[in-house]
Amino acid sequence: MHGEVMRRPFVSLSLFGGLLAVPMFATAQIRLADVSHLSVATTETALAPVDPRLMGAGGQVEIIVRLADPSLAAAQAEDARKTGALMERARQREHLRALDARQNDFMNRVRNLGARELARVRKAHNAVALRVDAASIPVIASLPGVTAVRPVVNYELDLAETVPYIGAAAVQSAGLDGTGVRVAVIDSGIDYTHRNFGGPGTVEAYEDAYGVATADPLNTTRDGLFPTAKVIEGFDFVGEVWPDGDLAHDEDPIDFGGHGTHVADIIGGRSSDGTHRGVAPGVSLLAVKACSAVATSCSGVALLEAMDYVLDPNGDGDISDAVDVVNLSLGSSYGQREDDLSEACANAVRLGVVVVASAGNAADRPYITGSPASTPGVISVAQTQVPSAGQIPMIINSPASIAGSYPNTETLDWAPVNAAVTGDVVHVGRGCPGLDPYPEGVDLNGKIALIDRGACAVSLKIDRAAKAGAAGVLFGLVAPGDALKFSFGGGDTFVPTLVIIQSYASLIKANLGAPVNVTISPDNPIPLIGSMVSSSSRGPSYSEDAIKPEISAPGASLSAEVGTGDFETAFGGTSGAAPMVAGSAALLVQAHPHWPPALVKAALMNNADPEIYTSPALVPGVLAPITRIGAGEVRVDRALGARTLALGLHAGGALSFGFDTAAHDSLKLQFMLVKNLSHRHRSYRVETEFRYADDAASGAVTVWAPPVV
Ligand SMILES: [Ca+2]
Ligand SMILES: [Ca+2]
Ligand SMILES: [Ca+2]
């Protein structure tokens with residue numbers, strides 16, 4: 001036993017003394033965690049949609065160009081579905097030859113642009129993969145027959161990264177994959193036609209199941225396409241209209257918004273070709289739709305219906321068929337026990353269902369962590385960085401008086417720093433197109449534009465500066481606080497951009513006479529492995545003063561993108577972290593089908609990695625507070641190897657001593673259960689230590705524990 005639970009008491013008794021003034025209202029509407037990074041390609045121009053991730057790209061890039069003609073699967077899907085007959089082999093070959101000829105025509109055009117063919121596909125998808133100069137993308141998007149231009153997926157950032165990192169690959173190769181375990185995903189539905197759920201993996205298959213618009217009746221009926229071998233049941237408690245209209249029930253929980261599809265894939269995806277695996281690729285999934293198809297909200301009514309449903313999926317009034325694990329990647333900030341969904345979750349846990357919920361994306365603010373994650377028996381999940389993450393600092397080259405590396409920055413997915421740029425800084429003010437004329441005589445050619453936050457979409461400001469010739473952009477905040485991300489709000493021309501904090505912007509402005517020469521470079525980022533994502537919500541829980549979140553996992557896994565057939569995009573926030581833990585729980589349930597949820601939770605918490613840092617870029621070497629990461633980052637392989645478990649008996653797993661005013665001496669006593677899973681006698685020496693040296697030095701808290709158990 002590592003003894004983490006015993007040597008990490010909640011010792012910050014006085015730290016929270018002044019913090020009860022935190023507003024204790026919860027927002028009225030349950031909301032999905034932030035999905036603003038899931039930007040959508042524009043469609044109002046004559047150009048084919050260009051994925052926003054390609055905007056602002058420079059140099060050689062790898063793209064996939066989707067072509068208009070139906071792929072072989074699409075060409076016969078309609079016939080096959082209506083007649084039950086596939087094309088004859090000769091006709092299939094003829095169709096492939098026709099597609100090949102069109103692809104040849106297309107390639108002849110783009111070779112003139114210097115494009116190099118990487119691959120072409122015609123059966124599940126009609127597309128060509130190219131390596132091309134980014135400057136050619138608008139031309140390619142305007143060619144006849146092109147329907148979409150997207151980046152080639154970078155597999156260094158996908159589940160092949162996060163699944164091994166948390167130990168799940170080792171568990172899978174040892175023979176455990178969640179087979180026989182049923183996991184309910186209460187979310188926006190699941191796109192069960194996607195390749196990563198063993199579906200046909202074509203846009204056409206999705207359209208057969210969902211239709212082509214939210215008003216299409218196909219998304220209310222099963223059409224013989226649902227359930228599937230992977231997504232074995234489900235229900236839609238929301239319909240496609242809410243919150244713009246009434247909730248509506250239907251029997252087809254197919255996803256449109258995309259959130260639930262990502263979550264389900266991270267938990268238990270397994271592609272038909274075997275190349276893509278979630279944490280527990282053998283699980284059976286239930287798609288329980290309680291969140292809007294057209295907004296990021298989840299209905300409080302539908303969520304309760306969903307919780308009823310997961311306890312009795314066959315609706316016969318007998319809950320012996322309750323699911324094994326429930327994932328809720330959603331929440332409401334400042335979660336409290338006076339919450340219907342939290343109560344429903346508590347009842348499910350009591351029945352024996354493992355419930356996993358995201359802690360929230362409301363950042364490092366004490367008590368802000370949301371419900372239902374704040375429910376004692378629920379496993380609350382914080383978000384840590386994926387192993388490959390890195391932070392790009394702003395480098396000031398001159399003047400010498402301020403030269404150096406400035407790490408408090410953020411990058412923007414739609415204006416990525418994909419090449420190094422160096423230049424003198426020109427301050428253009430707020431810079432809103434049509435609202436804020438640039439200062440007289442400004443020349444941005446080859447320069448780095450410093451733009452102030454405010455008044456209009458960040459992307460429109462960057463678009464304007466890029467079109468004026470700027471080589472890069474520093475986007476300066478105008479109020480104190482850490483750097484933050486901004487979502488895409490229009491525009492089509494982008495250059496490498498860093499968001500910088502107010503003090504950096506002020507420093508530059510004060511030295512502009514010099515001039516100030518700056519480099520923005522993707523080379524040598526500060527590694528962020530083993531650290532918090534700044535947006536992950538902090539605990540403790542409001543109602544119980546208990547340790548929440550309780551565990552963490554890397555978010556931002558590359559995972560299934562709804563309605564695309566076989567595409568994947570990065571999915572982050574604690575919404576992406578919770579399913580890593582839900583999948584891990586499923587592996588434990590398979591190994592130990594009789595364990596109550598408290599033991600599953602204890603195994604995960606006892607064996608997590610506590611060496612997680614706050615921010616290697618901003619405060620190197622400072623461990624993250626327990627109220628941000630709980631027991632640490634999940635390691636499911638270690639959890640499965642546990643021979644002894646230790647769990648607190650009062651606060652849902654951890655040993656939490658709660659809040660105290662520290663105005664007088666007080667003594668707090670808590671008990672924990674130590675469970676020997678082996679058939680041998682074991683004894684452990686118990687040691688206590690403080691997480692921070694200044695806590696130990698203050699002498700404010702004395703911890704006693706039995707020396708041996
Ligand atoms: Ca349908
Ligand atoms: Ca539906
Ligand atoms: Ca039943």
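**Group meeting: contacts, cores and a calcium site**

Hi everyone. Among contacts in this chain between residues at least 6 apart in sequence, 76% join residues at least 24 apart. Please keep in mind that this is a predicted model. The chain has 709 residues, and 55% of them count as buried. Going along the chain, you will find 17 helices and 29 strands. The accessible surface comes to about 28500 Å², with 53% of that belonging to carbon and sulfur atoms.

Let's go inside. The largest nonpolar core holds 66 residues, and the members that touch the most others are Ile63, Phe106, Leu130, Met394 and Leu474. Where does this core lie? Domain 1 (52-152) and domain 3 (390-527) both contribute residues, so the core lies between them. Apart from it there is another core, of 65 residues, including Ile267, Leu285, Ala560 and Ala585.

If you'd like one residue to click on, try Leu130. Leaving out residues up to four places away in sequence, Leu130 touches, among others, Ile63, Phe106, Val110, Leu118 and Ile140. Charged neighbours turn up in that list too, including Glu62, Arg116 and Glu117.

Now for the metal. Which residues coordinate the calcium ion, ligand 3? They are Asp312 (OD), Asn314 (OD1), Asp316 (OD), Asp318 (O) and Asp321, which gives two OD atoms, at 2.1 to 2.8 Å. Along the chain, these donors follow the spacing D-x1-N-x1-D-x1-D-x2-D. The angles among the 6 donor atoms run from 50 to 168°, and the site is irregular. Two of these residues are partly exposed: Asp316 has a relative accessible area of 46%, and Asp318 has 37%.

That's my tour, thanks for listening!

Note on methods: Residues are numbered from 1 along each chain as its sequence is written. Chains are lettered from A and ligands numbered from 1 in the order in which they are written. This is a predicted model: local features need pLDDT of at least 70, side-chain atom pairs count only at pLDDT 80 or more; totals for chains, interfaces and linings use all residues. Side-chain values use heavy atoms; hydrogens and water are left out. A nonpolar core is a set of buried Ala, Val, Leu, Ile, Met, Phe, Trp, Tyr and Cys residues joined through side-chain atoms within 4.5 Å. Buried means under 20% relative accessible area, exposed over 50%, partly exposed in between (1.4 Å probe, protein chains only). Domain bounds come from an automatic or database domain assignment. Contact means heavy atoms within 4.5 Å. Donors are N, O and S atoms within 2.8 Å of the metal (3.2 Å for Na, K and Ca); water is not among the atoms, so sites may look incomplete. Four donors count as tetrahedral if all angles lie between 85 and 135 degrees; four count as square planar and six as octahedral if opposite donors are over 155 degrees apart and all others between 65 and 115; anything else is irregular. Helices (H or I, at least four residues) and strands (E, at least two) are DSSP runs, numbered from the N terminus. Accessible areas come from the Shrake-Rupley method with a 1.4 Å probe; for residues, only the protein chains shown count as cover.
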